[in-house]
Amino acid sequence: MLHDRVLVRQDTSEGERRSGGGILIPATAAVGKRLAWAEVVAVGQNVRTVEPGDRVLYDPEDRAEVEVRGVAYVLMRERDLHAVAADRFEGSEDSTGLYL
């Protein structure tokens with residue numbers, strides 16, 4: 001990985017899903033603009049806020065997909081990340097572990 005690039009693996013659930021109230025939503029249902037979570041796989045040498053294993057929030061519209069050894073990944077710049085969820089951010093009892 002070069003510079004400020006981040007390689008992530010999408011949390012894909014391409015099939016049917018359930019809403020918080022238990023309603024089954026088919027895979028063909030149109031979903032509005034929504035951010036997605038992914039797991040960081042690799043980072044470039046100039047990345048400062050994320051490490052491999054962190055979960056990050058990003059906009060699926062702004063992505064570059066790449067396939068490595070049959071596995072699909074998303075390649076993006078660090079500045080395109082919206083939030084980071086990691087255990088290392090939990091410093092106090094009221095911390096959520098989420099860095100925005």
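**View 1. Aspartate 54 in the loop between β4 and β5.** In this predicted model, aspartate 54 sits in the loop that comes between β4 and β5 (55-58). Is this residue buried or exposed? Aspartate 54 is buried, and its relative accessible area is 6%. What does its side chain reach? The partner is the backbone nitrogen of glutamate 51, at 2.9 Å.

**View 2. Aspartate 4 and its salt bridge with arginine 77.** Here the side chains of arginine 77 and aspartate 4 come together in a salt bridge, with an N to O distance of 3.2 Å. Arginine 77 belongs to strand β7, while aspartate 4 is in the segment before β1 (5-10), so this pair ties together parts that are 73 residues apart in sequence. How accessible are the two partners? Aspartate 4 counts as buried because its relative accessibility is 19%, and buried means under 20%. Arginine 77, at 29% relative accessibility, counts as partly exposed.

**View 3. Arginine 5 joins the group.** Stay with aspartate 4 for a moment, and look at arginine 5. Arginine 5 makes a salt bridge with aspartate 4, and the closest N and O atoms are 3.5 Å apart. With a relative accessible area of 27%, arginine 5 is partly exposed. Which residues does the resulting network of salt bridges link? They are Asp4, Arg5 and Arg77.

**View 4. Arginine 9 and glutamate 39 across β1 and β4.** A salt bridge also brings together the side chains of arginine 9 and glutamate 39, at 3.6 Å from N to O. Arginine 9 lies in strand β1 and glutamate 39 in strand β4, so the pair links distant parts of the chain, 30 residues apart. Arginine 9 is partly exposed, with a relative accessible area of 33%. Glutamate 39 is partly exposed too, and its relative accessible area is 33%. For the protein chain, the count comes to three salt bridges.

**View 5. The hairpin of β6 and β7.** Strand β6 (residues 64-68) pairs with strand β7 (residues 71-77) in the antiparallel sense, over five bridges. Which residue of β7 stands opposite valine 66? That place belongs to tyrosine 73. Two residues lie between the strands of this hairpin, and arginine 69 takes a positive phi near 50°. Strand β7 has appeared before: arginine 77, the partner of aspartate 4, lies in it.

**View 6. The whole chain, for orientation.** Stepping back, the protein chain has nine strands and zero helices. From the N terminus on, its elements run β-β-β-β-β-β-β-β-β. The protein chain has 100 residues, and 24% of them count as buried. About 7,100 Å² of the protein chain is exposed, and carbon and sulfur atoms supply 48% of that area. Take the contacts between residues at least 6 apart in sequence: 59% of them join residues at least 24 apart.

**View 7. Confidence along the strands.** A friendly word on pLDDT before you build on this model. The protein chain has a mean pLDDT of 79, and 74% of its residues reach 70 or more. Which element has the highest mean pLDDT, and which the lowest? Strand β4 (residues 36-43) has the highest, at 91, and strand β9 (residues 98-99) the lowest, at 56. Glutamate 39, shown in View 4, lies in strand β4.

Methods:
Residues are numbered from 1 along each chain as its sequence is written. This is a predicted model: local features need pLDDT of at least 70, side-chain atom pairs count only at pLDDT 80 or more; totals for chains, interfaces and linings use all residues. Side-chain values use heavy atoms; hydrogens and water are left out. Buried means under 20% relative accessible area, exposed over 50%, partly exposed in between (1.4 Å probe, protein chains only). Contact means heavy atoms within 4.5 Å. Accessible areas come from the Shrake-Rupley method with a 1.4 Å probe; for residues, only the protein chains shown count as cover. Two strands pair if DSSP finds at least two bridges between them. pLDDT is the predictor's confidence in each residue, from 0 to 100. A salt bridge is a side-chain nitrogen of Lys or Arg within 4 Å of a carboxyl oxygen of Asp or Glu. A polar contact is a pair of N or O atoms within 3.5 Å; within protein, one must be able to donate a hydrogen and the other to accept it, and residues adjacent in sequence count only if both atoms are side-chain atoms.
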